[in-house]
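Visitor: Please show me the model, and then let us discuss the surroundings of its ligand.

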Amino acid sequence: MKNRFGKTAGLALACALCLLLTGGCAPSARPAASVQDESQVLLGFSQLGSESAWRIGNTKSVQEAAKRAGVQLMYENAEQKQEKQIKAIRSFIAYQVDVIAFSPIVEDGWDNVLREAKNAGIPVLTTDRRINTSDQSLFVGFVGSDFYEEGRKAGRFVLRKMADADHVNIAEISGTVDSTPMRQRGAGFRGVLEGDERFTIIASVSGDFLRSKGKECMRELLQQYGDIDVLFSHNDAMTLGAIEAIEEAGLVPGKDIVIVTVDGEQAAIDLLKQGRINCVVECTPLIGDIIMELAKKLAAGETIPRDTYSEERVFTEFDTDLDSLAAREY
Ligand code: GYE
């Protein structure tokens, strides 16, 4: 942990820099120097947005875990803009936080700002999503889900559900283009189905992980393709929108079109129980506690594992325990 006195003394300068770099530094979002506990770890966390219940659950998990762990959190929400995430990271560097954690909206374009963090001696943890860089020393570790495995789980369900079909037309609504879950869920899914000629991905479009776009995409897919057997949607928010479009077209979700989704938010589990979704691949946003644990280790100068994965399951129409599931936290 760095000397907090230097941090406190540098507050005025840091805020002045903040103003320059971010075009405005909301005082309420900053920890007040007077109430800082000198022994606390100071973690700068850049969230990418609030596009889904998953994301809102993730933010809550981080904020609550910080309180529980006694970690002082500087939180910024980038509202789906990479430039805003870069500005947030720069403001954390100016403030000399102990550790930076961020959920990168897309994989490319982080090298410059992460080099600045490295030069300032601040360890960076990527959470939830990954970055693409040729310099692996620019971040110390990743914590989140195995998205390839999530895609494979979705593919395995389709194989089982459609075991007797001669031919299966699949439509895919993917997440944000060039984001890790979009790339890896798509690749894992294809990896399981390729080589079996009965399966064709007839269309793949991006719904940006948003409910409204999921609905738009599905409406267009239904207009363009008469015969869709399976929908693989990369998150529950888009699935909820797609189901609206399917029902508006007079079709029955879960019956006329088999629906496979990812995340496992309460709304999707409810639809699974109603038979309007067939398979929900769990992806947990509840990674706040592990982020705090890793941040404390990093602030103490300890090494952490390069990758830390969450444990996740699959919920399907074949399960017998759906009625006894605990309420979801997102
Ligand atoms: O699946 C989606 C969210 O990055 C794993 O982002 C996350 C994804 C999640 O908006 O709902």
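**The ligand site**

Guide: The ligand occupies the space of the largest cavity. On a 1 Å grid over the protein atoms alone, a cavity is a set of points where a 1.4 Å probe fits but cannot get out. This is a predicted model, in which local features need pLDDT of at least 70, side-chain atom pairs count only at pLDDT 80 or more, and totals for chains, interfaces and linings use all residues. Residues are numbered from 1 along each chain as its sequence is written, and side-chain values use heavy atoms, without hydrogens and water.

Visitor: How far is an oxygen atom of the ligand from an N or O atom in the side chain of Asp263?

Guide: Polar contacts are pairs of N or O atoms within 3.5 Å. For the side chain of Asp263, the distance to a ligand oxygen atom is 2.6 Å.

Visitor: What percentage of the ligand's accessible area does the protein cover?

Guide: Accessible areas come from the Shrake-Rupley method with a 1.4 Å probe. On its own the ligand has 300 Å² of such area, and the share covered by the protein is 100%.

Visitor: Which helices each supply at least two residues of the shell around the ligand?

Guide: Helices are DSSP runs (H or I, at least four residues), numbered from the N terminus. Those that each supply at least two shell residues are helix H3 (53–69) and helix H7 (180–193).

Terms used. A polar contact is a pair of N or O atoms within 3.5 Å; within protein, one must be able to donate a hydrogen and the other to accept it, and residues adjacent in sequence count only if both atoms are side-chain atoms. On a 1 Å grid over the protein atoms alone, a cavity is a set of points where a 1.4 Å probe fits but cannot get out, and a pocket is an open set with protein on both sides within 12 Å along at least five of seven lines; lining residues have an atom within 4 Å of a point. A molecule sits in a cavity or pocket if more than half of its atoms lie within 2 Å of its grid points.
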